[in-house]
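Let's take a walk through this model together, one region at a time. Keep the sequence and the 3D view side by side as you read.

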Amino acid sequence: MKKIVVVGSSNTDMVVKTNRLPVPGETILGGSFFMNQGGKGANQAVAVARLGGNVSFISKVGNDIFGKQSLEAYQVEGINTRYVFSDNTNPSGVALISVDDSGENCIVVASGANASLSPENIDEAMDEIASGSIVLMQLETPLDTVEYVAKNAFSKGLKIILNPAPANELNAFLFEKLYMITPNETEAEILSGIRVTDLESAGEAARIINEKGVKI
């Protein structure tokens, strides 16, 4: 089975569900709380594993209880975690999430160890990356690391798929390394300069992004 390599973020999501979101300075009682593993990179890796794919996850967590719990959870999912690095300086990434009854949410992310996933880490995992056929990435780790992975994976003939979230501007050379990009309407507007409000504007934004070098 061909291997999919995910390079990206690992977070612990702490979620409070409540009737409504508080206004600044307000405290609301009566919410329910749950905690689970998250992060856009981890979500990609788990999705691949649950679909029966052969997946390796390259990430960085803190040397703390959240990092250890995340690592165990990924292993239970059948994900290869050999290159989930441990950071002895920074804590694991954490997302604090409030969700109201209508599904509206408010999220604050402390990147922690995700922000220290470096090109040097990628060098350690390069043989694992080269053994894959597809690389999945997002933008919750440093952009220079994303670019470094893209450059090296592209040179080895791998297909690179990027979820450009959180929304950010990208350097021109990165588009040329991508096989596929999956922006939502906000991200598409940032990448193309076209405000996406309907199918026609979405198509125009997609055309502009495609002309930057993305294969499909």
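The largest pocket holds about 230 Å³ of space. A pocket here is found on a 1 Å grid over the protein atoms alone, as an open set of points where a 1.4 Å probe fits, with protein on both sides within 12 Å along at least five of seven lines, and lining residues have an atom within 4 Å of a point. Grid points are joined across faces, edges and corners, and the volume is the space filled by probe spheres set on the points. Among the residues lining this pocket are Asn11, Asp13, Lys40, Asn43, Ile97, Val109 and Glu140. Two or more lining residues come from each of β2 (11-17), α1 (40-50), β6 (93-99) and β7 (105-110). Helices (H or I, at least four residues) and strands (E, at least two) are DSSP runs, numbered from the N terminus.

Before going on, a word on the source: this is a predicted model, in which local features need pLDDT of at least 70 and side-chain atom pairs count only at pLDDT 80 or more, while totals for chains, interfaces and linings use all residues. Residues are numbered from 1 along each chain as its sequence is written, and side-chain values use heavy atoms, with hydrogens and water left out.

Let's stay with α1 for a moment. Its buried residues (under 20% relative accessible area, with a 1.4 Å probe and protein chains only) are Gly41, Ala42, Gln44, Ala45, Val46, Val48 and Ala49. The elements covering them include β1 (3-7), β3 (32-38), β4 (54-62), α2 (65-76) and β8 (134-137). After α1 comes glycine 52, which has a positive phi near 90 degrees.

Now find aspartate 87, in strand β5 (residues 84-87). Which side chain of opposite charge is nearest to this buried residue? It is lysine 60, 4.6 Å away, and aspartate 87 has no salt bridge. A salt bridge asks for a side-chain nitrogen of Lys or Arg within 4 Å of a carboxyl oxygen of Asp or Glu; Lys and Arg count as positive and Asp and Glu as negative, with His and the chain ends not counted. The side chain of aspartate 87 does reach two backbone nitrogens, that of threonine 89 at 2.7 Å and that of asparagine 90 at 3.0 Å. Aspartate 87 also touches (heavy atoms within 4.5 Å) Lys60, Val61, Gly62, Asn63, Ala113 and Ser116, leaving aside residues up to four places away in sequence.

Where do charges pair up? Side chains of opposite charge can pair when their charged atoms come close. The model has 5 salt bridges by this rule. One of them joins arginine 20 and glutamate 26 at 2.5 Å, N to O. Arginine 20 is partly exposed (between the buried limit and the over 50% that counts as exposed) at 43% relative accessibility, and glutamate 26 is partly exposed at 29%.

Helix α8 (residues 199-211) is our last stop. There, arginine 207 and glutamate 204 lie 3 residues apart, about one turn of the helix, and their side chains meet in a salt bridge at 2.5 Å, N to O. Arginine 207 also forms a salt bridge with glutamate 211, with the closest N and O atoms 2.6 Å apart. These two residues are 4 apart in α8, so about one helical turn separates them. Glutamate 211 is exposed at 57% relative accessibility, whereas arginine 207 is partly exposed at 37%. Together, Glu204, Arg207 and Glu211 are linked in a network of salt bridges.

Methods. A polar contact is a pair of N or O atoms within 3.5 Å; within protein, one must be able to donate a hydrogen and the other to accept it, and residues adjacent in sequence count only if both atoms are side-chain atoms.
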